[in-house]
Amino acid sequence: MKRRFRLLLPLVAFVLAAPIGNATAQQKPYNPSLGDLMTATVQPRHTKLGLATREGNWPYAAYELHELKEAFDRAAKIWPKWRTFSISEMMASVTKEPMAALDQAIKAGDPSRVTTAYEQLTAACNTCHRSADRGVIVIQSPSSSSFPDQDFRPVKQ
């Protein structure tokens, strides 16, 4: 009995140490597509920015504008080039001015200027999509919140 156990022990150890399927195999890192990044990081920031500006929540709008800029930067860093397009150059060429105008309008707390600048930024997104032969992707100002658990009104102090 002891002899059989000694003979089986290395076999059992080998079986237990062997990977089960691909569970312990080296996994490839997740590489999101440019569309994944736009849908998961850029589009929600654009939506939240629109909702915050509609409510006149200037501190939160400034925060979301900053986060939107960072989302654009991350997308361009991960996808510096898409087909023949330089993502960072294309984004900068169409969004720099509207984002600067929106930043100034938010700082001024001017609802009319904010609305105009937000519409210009939204139009810039669509210009980029058309330029990249993705004109079927049409961005617009949010008509309702897709974030039912978040209040976009200014915090009352």
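What percentage of the 157 residues of the protein count as buried? The figure is 32%, where buried means under 20% relative accessible area, exposed means over 50%, and partly exposed lies in between (1.4 Å probe, protein chains only).

This is a predicted model, in which local features need pLDDT of at least 70 and side-chain atom pairs count only at pLDDT 80 or more, while totals for chains, interfaces and linings use all residues. Residues are numbered from 1 along each chain as its sequence is written, and side-chain values use heavy atoms, with hydrogens and water left out.

**Overall architecture**

The protein contains five helices and two strands, arranged from the N terminus as α-α-α-β-β-α-α. Helices (H or I, at least four residues) and strands (E, at least two) are DSSP runs, numbered from the N terminus. Among contacts with a separation of 6 or more, 61% are between residues 24 or more positions apart; a contact means heavy atoms within 4.5 Å. The protein exposes about 11000 Å², and carbon and sulfur atoms supply 58% of that area. Accessible areas come from the Shrake-Rupley method with a 1.4 Å probe, and for residues only the protein chains shown count as cover.

**Helix α3**

Helix α3 covers residues 58-78, and its 21 residues should span 30 Å at 1.5 Å a residue; the end C-alpha atoms are 30 Å apart, in agreement. The expected span is 1.5 Å times one less than the number of residues. The buried residues of α3 are W58, Y60, A61, E64, L65, E67, L68, A71, F72, A75 and A76. These residues pack against α2 (34-55), α4 (87-108) and α5 (111-131).

**Charged side chains**

The whole structure holds five salt bridges, a salt bridge being a side-chain nitrogen of Lys or Arg within 4 Å of a carboxyl oxygen of Asp or Glu. Three of them are set out below.

| Pair | Closest N to O distance |
|---|---|
| R45 and E64 | 3.1 Å |
| R74 and E70 | 3.8 Å |
| R153 and D151 | 2.8 Å |

R45 lies in helix α2 and E64 in helix α3, so the salt bridge between them ties together parts that are 19 residues apart in sequence. E64 is buried, at 0% relative accessibility, whereas R45 is partly exposed, with a relative accessible area of 21%. R45, E64 and E67 are linked in a network of salt bridges.

The pair R74 and E70 stays inside helix α3, where the two residues are four residues apart, about one turn of the helix. R74 is partly exposed at 41% relative accessibility, and E70 is partly exposed at 29%. In the remaining pair of the table, R153 counts as exposed at 51% relative accessibility and D151 as partly exposed at 47%.

K48, in helix α2, is buried yet has no salt bridge. Its nearest side chain of opposite charge is that of E64, 4.5 Å away; for this purpose Lys and Arg count as positive and Asp and Glu as negative, with His and the chain ends not counted. Leaving aside neighbours within four places in sequence, K48 is in contact with Y60, E64, F147, Q150 and F152.

**Cysteines**

A disulfide is a pair of cysteine sulfur atoms within 2.5 Å, and by this rule the count is zero. The sulfur of C125 is 7.7 Å from the closest cysteine sulfur, that of C128, which is too far for a bond. C128 likewise is in no disulfide, its nearest cysteine sulfur being that of C125 at 7.7 Å. C125 is buried, with a relative accessible area of 11%, and C128 is buried at 16%.

**Backbone at R83 and D133**

Most residues other than glycine have a negative phi. R83 has a positive phi, near 55°, and is not a glycine. R83 sits in the loop between β1 (81-82) and β2 (85-86), and is exposed, with a relative accessible area of 52%. D133 also has a positive phi, about 60°, without being a glycine. D133 belongs to the segment after α5 and is exposed, with a relative accessible area of 57%.
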